[in-house]
Amino acid sequence: MSTSAPAAAPTTSLDRFFKISERGSTVAREVRGGFATFFAMAYIIVLNPIILGSAKDMYGHQLDGGQLVTATVLTAAFTTLLMGVIGNVPIALAAGLGVNTVVALQLAPRMSWPDAMGMVVLAGFVVMLLVATGLRERVMNAVPTSLRKGIAIGIGLFIMLIGLVDSGFVSRIPDAAHTTVPLQLGSNGHLHGWPVLIFVVGVLLTLALLIRKTPGAILISIVAMTVVAVAVQLITDLPDLAWGLTVPQWPGNPVAAPDFGLVGQVSLFGGFEKVGMLTGVLFVFTVLLSCFFDAMGTILGVGDEAKLIDQDGNFPGINKVLLIDGLAVASGGATSSSATTCFVESTAGVGEGARTGLANVVTGALFGVALFLTPLATMVPSQAATPALVAVGFLILAGSVKDIDWSDFTIAVPAFLAMVMMPFTYSITNGIGFGFISFCVLRLATGRGREVPAAMYAVSAVFVFYYAMPALGLT
């Protein structure tokens, strides 16, 4: 990370507004940092549309890929600029990996897309309400750190499994096979075909670049493997079905007017009519939790790297930052791009010297330019983009597993259940539910029930009732 220069007196209005000299930075460093952050997180322009676009709602409808690119980029540009100008921190935002999976695989199949996005908007409103009342930090403190880390790891493993499945590296064994083994390697127990090879090479390339700490490693891998995929398709002329959703072909004109067709396609309360009040509340809670702790950890982590946390461990102005984060969640739902949240890739810009919101202005402006390059994003096949899911899953696990207290089984077991139940049941909600319930039960069983916050008991009781609903004839 770059060494901060000694604080100097501001020389321009730009300097005074963003406190550039005060924080020991320069305009050049902020610009450089803004570019670094954009290239480190630009993979989301490709990845978010693939995750959301591959799912169907209860009516069998799928979201348009081009419209998803526009929605993803538009929301990232708006919220990143907002965080820079109002929050004055170098923390960029975009559609959150993990929560988009919740929306695609848990909400949408039970309701329409507008209903699902309405629940994301409601989750954003709840976040803003919690910040305004000062409850957000209290709620965060109610969930033990180890359990939060277990939830994060579970989301990471879930993301990785989705990457393996969407790429064709792993496939479901048809029920007709009469086997208890649900998954297999490739499509018939073996790896074959150019698309799978591109995925394997992409995973190795992504991980190698990450290990070498190459700036923009994930984006570089996506671009490189897309070029390879286009060349392979040009030479071999594989059938479209071999690639899945997206065939890697040059779109002709890479520039196109953005399609804002998904913006505003939201039904705030329609989802509750489809799934019932309790299930709807749990869905909103799941989206909330998926954004909640990840954003808090990212904000504090990036803030620490940027030397924005004071000697008492406090982040001056954090409520303003948290409020913008809540607004970002709601904005993502309003544009149908899923919840938008703070990106840990912002550390790439901090490593280049960014210390202020000016870096965010640069990153947001670059996202704005990307609005007109939708054809380039929609030519990326899942085999070139999904290696990022495997890499992100690893990074989440590597950054969280060491922070779990494995010596205390009353917290280690709940964390373990949270992390394994998500991929094994293909449900983030189940992972959170089993983690919360087991934590309360184990603490009570060991005579440590008083150590469990009341909020944990309340949420666990809701989950118990949720799981009992079928037996009670309430579903």
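Me: Why is Lys-149 counted as partly exposed?
Reply: Lys-149 has a relative accessibility of 25%. Residues are buried under 20% relative accessible area, exposed over 50% and partly exposed in between, with a 1.4 Å probe and protein chains only. The value for Lys-149 therefore places the residue in the class called partly exposed. The model is predicted: local features need pLDDT of at least 70, side-chain atom pairs count only at pLDDT 80 or more, and totals for chains, interfaces and linings use all residues. Residues are numbered from 1 along each chain as its sequence is written, and side-chain values use heavy atoms, with hydrogens and water left out.

Me: What makes Lys-149 and Asp-403 a salt bridge?
Reply: The closest N and O atoms of Lys-149 and Asp-403 are 3.7 Å apart. A salt bridge requires a side-chain nitrogen of Lys or Arg within 4 Å of a carboxyl oxygen of Asp or Glu, so the pair qualifies. The two residues belong to distant parts of the chain, 254 residues apart: Lys-149 is in helix α8, and Asp-403 is in the loop between α18 (387-400) and α19 (409-425). Helices (H or I, at least four residues) and strands (E, at least two) are DSSP runs, numbered from the N terminus. Asp-403, at 36% relative accessibility, is likewise partly exposed.

Me: How do you know that Lys-274 forms a salt bridge, and with which residue?
Reply: The partner is Asp-115, and the closest N and O atoms are 2.8 Å apart, which satisfies the criterion. Lys-274 lies in helix α11 and Asp-115 in helix α6 (residues 113-132), so the bridge ties together parts that are 159 residues apart in sequence. Lys-274 is partly exposed at 34% relative accessibility, whereas Asp-115 is buried at 3%. In total, the structure holds six salt bridges.

Me: What joins Asp-408, Arg-443, Arg-448 and Glu-451 into one network?
Reply: Arg-443 and Asp-408 form a salt bridge, their closest N and O atoms being 3.2 Å apart. Arg-443 is in helix α20 (residues 428-445) and Asp-408 is in the loop between α18 and α19, 35 residues away along the chain. Both Arg-443 and Asp-408 are buried. Salt bridges with shared partners connect these two residues with Arg-448 and Glu-451.

Me: Why is the pair of Phe-169 and Phe-199 called tilted?
Reply: The ring centres are 5.6 Å apart and the planes meet at 50°. Rings of Phe, Tyr and Trp (its six-membered ring) pair if their centres lie within 6.5 Å; planes under 30 degrees apart are stacked, those over 60 are edge-to-face and the rest are tilted. Both values fit, so the rings form a tilted pair. Phe-169 is in the loop between α8 (145-167) and β2 (170-172), and Phe-199, 30 residues away, is in helix α9 (residues 194-211). Phe-199 is buried, with a relative accessible area of 2%. The count by this rule comes to 14 aromatic pairs. One aromatic cluster consists of Phe-285, Phe-434, Phe-436, Phe-463, Tyr-466 and Tyr-467.

Me: How do you know that Cys-291 is in no disulfide?
Reply: A disulfide is a pair of cysteine sulfur atoms within 2.5 Å, and the structure holds zero of them. For Cys-291, the nearest cysteine sulfur is that of Cys-342, 10 Å away. That distance is outside the cut-off, so Cys-291 does not qualify. Cys-291 is buried at 3% relative accessible area, and Cys-440 is buried at 4%.

Me: What is the phi of Asp-237, and what makes Asp-237 exposed?
Reply: Asp-237 has a positive phi of about 50° although it is not a glycine. This residue lies in the loop between α10 (217-236) and α11 (270-275). The relative accessibility of Asp-237 is 60%, so the residue counts as exposed.

Me: Is Ser-336 buried or exposed?
Reply: Ser-336 is buried, because its relative accessible area is 3%. Ser-336 lies in the loop between α13 and β4 (340-342), and its phi, near 65°, is positive in a residue other than glycine.

Me: Why is Lys-307 called exposed?
Reply: Lys-307 has a relative accessible area of 61%, and is therefore exposed. The residue lies in the loop between α12 (277-305) and α13 (318-334). Lys-307 and Arg-355 are 48 residues apart in sequence and 7.8 Å apart in space, C-alpha to C-alpha.
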